[in-house]
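Subject: The structure we talked about

Hello,

Here is the structure for you to look through. Please open it first, then read my notes below.

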Amino acid sequence: MTGTTGTAAALRPLHYERAAVGLKFGRLVRRLAADFGASCESERDTQNSSEYGRVHVPADATVYGTRIVVCVNKFGSLAEVCADKPGAFLGTDEAHEEGALDLGDLAIVERALADLGYVSVPEELLESDYEGPSALEHFAARPTWWTRFFGLW
């Protein structure tokens with residue numbers, strides 16, 4: 001895949017610094033826990049994926065009672081914010097319109113991401129077709145930007 005290096009068992013983005021990505025991710029987990037006043041579960045070091053990990057802000061810490069999931073990729077700077085889980089809504093606007101995501105809660109997450117140097121990419125954009133050079137067609141019938149920057153290899 002373009003932008004990755006390594007064997008099939010250890011594919012990773014070029015210039016991937018696992019320790020640095022992990023430290024930054026840990027700061028994000030702690031920041032969201034402090035900002036929401038709740039323990040945030042996390043998954044990290046996702047295997048064979050462009051996604052590094054996810055932070056789960058618990059539902060009982062949010063205004064509308066829907067958990068918030070933040071996905072971070074191994075490239076070290078991209079993040080996606082979702083209400084409930086990726087794909088549950090077509091983006092944060094739809095989640096807000098359906099009463100699942102408070103804009104104040106979203107602003108807290110977006111501020112934390114920006115302060116830590118992440119670029120938040122809207123889920124709507126990530127679901128658009130990816131037509132760049134890659135081997136994604138081997139992994140998805142319709143490669144999307146999400147597949148490219150967060151999906152499995």
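Helices and strands here are DSSP runs, numbered from the N terminus; a helix needs at least four residues and a strand at least two. With that in hand, the order along the sequence is β-β-α-β-β-β-β-α-α-β-α-α. That gives five helices and seven strands in the chain. Please keep in mind that this is a predicted model.

**The whole chain**

The chain has 153 residues, and 46% of them are buried. About 7600 Å² of the chain is exposed. Carbon and sulfur atoms supply 53% of that area. Now take the contacts in the chain with a separation of 6 or more. Of these, 52% are between residues 24 or more positions apart.

**Salt bridges**

How many salt bridges are there? The count comes to five. Here are some of them.

Start in helix α1, which covers residues 18-36. The side chains of R31 and D35 form a salt bridge there, at 2.8 Å from N to O. Why can these two meet within one helix? They are four residues apart in α1, so about one helical turn separates them. R31 is partly exposed, with a relative accessible area of 23%. D35 is partly exposed too, at 34%.

Next, look at E51 and R54. Their side chains meet in a salt bridge, again with 2.8 Å from N to O. Are these two residues buried or exposed? Both are buried.

The third pair is D84 and R67, with 3.8 Å from N to O. D84 is in the loop between β6 and α2, and R67 is in the loop between β4 (51-57) and β5 (68-73), so the pair ties together parts that are 17 residues apart in sequence. R67 is partly exposed, at 29% relative accessible area. Salt bridges that share partners also join R31, D35 and D115 into one network.

**D84 again**

D84 deserves a second look. Its loop runs between β6 (78-83) and α2. Its phi is near 75 degrees. That is a positive value, in a residue other than glycine. For background, most residues other than glycine have a negative phi. D84 counts as partly exposed, at 31% relative accessibility.

**E123, a buried charge**

Now go to helix α4, residues 123-126, where you will find E123. How buried is E123? Its relative accessible area is 5%. Buried means under 20%, so E123 qualifies.

Which side chain of opposite charge is nearest to E123? That is R54, 8.8 Å away. E123 has no salt bridge. A salt bridge needs a nitrogen and an oxygen within 4 Å, so R54 does not supply one here. As described above, R54 pairs with E51.

What does E123 touch, beyond residues up to four places away in sequence? The answer is E80, C82, P86, G87, F89 and G91. The C-alpha atoms of E123 and V81 are separated by 7.4 Å. Those two residues are 42 residues apart along the chain.

**A negative patch**

Which residues gather in a patch of negative charge on the surface? They are D93, E97, E98 and E124. E98 sits in the loop between α2 (92-97) and α3 (103-115). Its relative accessible area is 55%. Exposed means over 50%, so E98 counts as exposed.

**R44**

Last, find R44 in strand β3, residues 41-44. R44 is partly exposed, at 41% relative accessibility. Which residues is R44 in contact with, leaving aside neighbours within four places in sequence? They are G22, F25, G26, Y52 and G53. The C-alpha atoms of R44 and V72 are separated by 9.2 Å. Along the chain, R44 and V72 are 28 residues apart.

**Where to begin**

Try E123 first. It is buried and has no salt bridge. Then turn to E51 and R54, which are both buried and do form a salt bridge. After that, visit E98 in the negative patch.

Best wishes

Notes:
Residues numbered from 1 in each chain as written. Predicted model: local features only at pLDDT ≥ 70, side-chain atom pairs only at ≥ 80, totals over all residues. Heavy atoms only, no water. Buried < 20%, exposed > 50% of the residue type's maximum accessible area, 1.4 Å probe, protein only. Lys, Arg positive; Asp, Glu negative; His and termini not counted. Contact = heavy atoms within 4.5 Å. Patch = residues over 30% accessible without salt bridge, like charges linked within 9 Å, V, L, I, M, F, W, Y side chains within 5 Å. Areas by Shrake-Rupley, 256 points an atom, 1.4 Å probe, with all protein chains shown as cover. Charge placed at Lys NZ, Arg CZ, Asp CG, Glu CD.
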